[in-house]
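The following note was prepared for a colleague who wishes to read the model at the level of individual residues. Please keep the sequence and the structure open while reading.

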Amino acid sequence: MVMAPSSKADEKAAVDAAAWMFNVVTSVGIIIVNKALMATYGFSFATTLTGLHFATTTMMTLVLRWLGYVQSSHLPFAELLKFVIFANFSIVGMNVSLMWNSVGFYQIAKLSMIPVSCLLEVVLDKIRYSRDTKLSIVVVLLGVGVCTVTDVSVNTKGFIAAFIAVWSTSLQQYYVHFLQRKYQLSSFNLLGHTAPAQAASLLLVGPFLDYWLTNKRVYAYDYNTRSLIFIILSCTIAVGTNLSQFICIGRFTAVSFQVLGHMKTILVLIMGFFFFGKEGLNMHVVLGMVIAVVGMIWYGNASSKPGGKERRSHSLPTIRQQKHSGLSESTELDGKL
């Protein structure tokens with residue numbers, strides 16, 4: 001039985017919506033848990049905690065592979081090394097940027113990931129954006145900027161840290177989509193390759209980096225039952241956050257993930273006002289939220305239209321296509337001989 005095109009489109013839309021919801025729920029959840037862990041229990045070792053997140057994700061992929069849900073796959077070491085470098089510089093860069101910059105400049109740096117991701121897609125993937133798609137991205141940037149950017153002060157070392165963080169994060173997210181397409185990897189497969197390498201490197205470097213940033217040693221932290229519960233909860237939610245990020249970027253692109261991902265910023269602000277008081281809630285912030293949401297809806301509509309976002313050349317050949325092409329050429333040569 002052949003599925004009708006409309007039902008296929010409906011099924012894809014339902015899966016896309018489920019992937020976005022999965023990412024939004026886990027991302028907002030981990031922000032709330034980590035905020036409680038760091039603010040209430042004083043666990044300020046962000047890099048080491050991220051290493052624990054990837055160690056838990058590694059265990060999840062190993063269990064799924066043992067159960068047969070994840071098939072063995074291949075990712076060249078050079079590609080894995082590039083990805084891990086980008087990803088780890090992204091994590092470290094963000095942590096250092098937050099420490100060295102004002103909150104306002106940190107938010108501006110995060111917003112700049114969208115135009116950088118657009119540039120990477122235009123240069124590397126030959127993507128062409130329609131005028132409406134470009135304008136909708138500008139509206140999203142304006143809205144999120146209005147409701148999140150307050151004090152803005154810049155210094156040289158903070159700017160360098162932010163620059164490294166923005167480019168490494170954009171490259172890491174681009175590479176998630178690139179590697180899944182080129183090597184025909186599922187989100188589970190790609191996580192199975194990258195999570196162990198990130199866990200090992202971050203758990204090795206994390207304690208030293210956290211000591212440099214906080215002047216506190218992770219080994220000297222006063223671990224108790226409640227803080228351990230929150231650490232375990234954070235690691236558990238992080239599995240869903242890591243997986244959903246790979247699923248979303250794999251199904252869409254890094255730019256769409258960044259643009260629509262700012263809905264999480266809006267939700268975190270709303271939940272912050274709900275849980276921690278309304279002293280920061282004013283018409284200025286509400287206006288920014290409304291502008292951002294309008295921009296996201298516009299982007300979703302504009303980018304899905306024909307010509308809204310399209311490649312100017314043929315798509316990237318996958319490993320399977322390359323092998324098939326090589327087989328065809330060898331067959332032709334055999335025939336000529």
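The points below move from the overall fold to salt bridges, helix packing and selected residues.

1. Nature of the model and overall fold. The structure under review is a predicted model. Its chain holds 12 helices and two strands. Read from the N terminus, these elements follow the order α-α-α-α-α-β-α-α-α-α-α-α-β-α.

2. Burial and contact range. The chain has 337 residues, of which 46% are buried. If one considers contacts between residues at least 6 apart in sequence, 88% of them join residues at least 24 apart. Several of the pairs discussed below may be read against that background.

3. Salt bridges in the whole structure. How many salt bridges does a search of the whole structure find? The search finds five. Points 4 to 6 take up some of them.

4. Glu79 and Lys82. These two residues form a salt bridge in which the closest N and O atoms are 3.5 Å apart. Both belong to helix H3, which spans residues 77-100, and because they are three residues apart there, about one helical turn separates them. Is Glu79 buried or exposed? Glu79 is buried, as its relative accessible area is 7%, and a residue counts as buried under 20%. Lys82, by contrast, is partly exposed, with a relative accessible area of 36%.

5. Glu79 and Lys182. Glu79 also meets the side chain of Lys182 in a salt bridge, with an N to O distance of 3.8 Å. This pair links distant parts of the chain: Lys182 is in helix H7 (residues 156-182), Glu79 is in helix H3, and their positions lie 103 residues apart in sequence. Lys182 has a relative accessible area of 18% and is therefore classed as buried, given that the limit for this class is 20%.

6. Arg131 and Asp132, and the shared network. A salt bridge also joins the side chains of Arg131 and Asp132, at 4.0 Å from N to O. Arg131 is exposed, with a relative accessible area of 64%, whereas Asp132 is partly exposed at 30%. Which residues are joined into one network by salt bridges that share partners? They are Glu79, Lys82 and Lys182.

7. Packing of H8 and H9. Helix H8, covering residues 187-214, packs with H9 at an angle of about 125 degrees, and the two axes are 9 Å apart. H8 is therefore oblique to H9, and their crossing is right-handed. On the H8 side the meeting residues are Ser187, Phe188, Leu190, Leu191 and Thr194; on the H9 side they are Asn242, Leu243, Phe246 and Ile247.

8. Leu191. This residue lies in helix H8 and is buried, with a relative accessible area of 0%. Setting aside residues up to four places away in sequence, Leu191 touches Thr57, Thr61, Pro196, Asn242, Leu243 and Phe246. Among these, Asn242, Leu243 and Phe246 are also listed for H9 in the packing of the two helices. Leu191 and Phe54 are 137 residues apart in sequence, and their C-alpha atoms are 9.2 Å apart in space.

9. Thr241. Where does Thr241 lie? Its place is in helix H9, residues 225-251. With a relative accessible area of 16%, Thr241 is buried. The side chain of Thr241 reaches the backbone oxygen of Thr26 at a distance of 3.4 Å. Apart from residues up to four places away in sequence, Thr241 touches Asn23, Thr26, Ser27 and Ile30. Thr26 thus appears both as a residue touched by Thr241 and as the residue whose backbone oxygen the Thr241 side chain reaches.

10. Ala87. Helix H3, which holds Glu79 and Lys82, also contains Ala87. Ala87 counts as buried, at 2% relative accessibility. Leaving aside neighbours within four places in sequence, Ala87 is in contact with Gln172 and Gln198. The C-alpha atom of Ala87 is separated by 8.4 Å from that of Gln173, a residue 86 places away along the chain.

Terms used. Residues are numbered from 1 along each chain as its sequence is written. This is a predicted model: local features need pLDDT of at least 70, side-chain atom pairs count only at pLDDT 80 or more; totals for chains, interfaces and linings use all residues. Side-chain values use heavy atoms; hydrogens and water are left out. Helices (H or I, at least four residues) and strands (E, at least two) are DSSP runs, numbered from the N terminus. Buried means under 20% relative accessible area, exposed over 50%, partly exposed in between (1.4 Å probe, protein chains only). A polar contact is a pair of N or O atoms within 3.5 Å; within protein, one must be able to donate a hydrogen and the other to accept it, and residues adjacent in sequence count only if both atoms are side-chain atoms. Contact means heavy atoms within 4.5 Å. Axes are lines fitted to C-alpha atoms, for helices over the stretch in contact, and angles run from 0 to 180 degrees between N-to-C directions. Angles under 35 degrees count as roughly parallel, over 145 as roughly antiparallel, 65 to 115 as roughly perpendicular and the rest as oblique. A crossing is left-handed if the near helix is turned anticlockwise from the far one by less than a right angle, and right-handed if clockwise.
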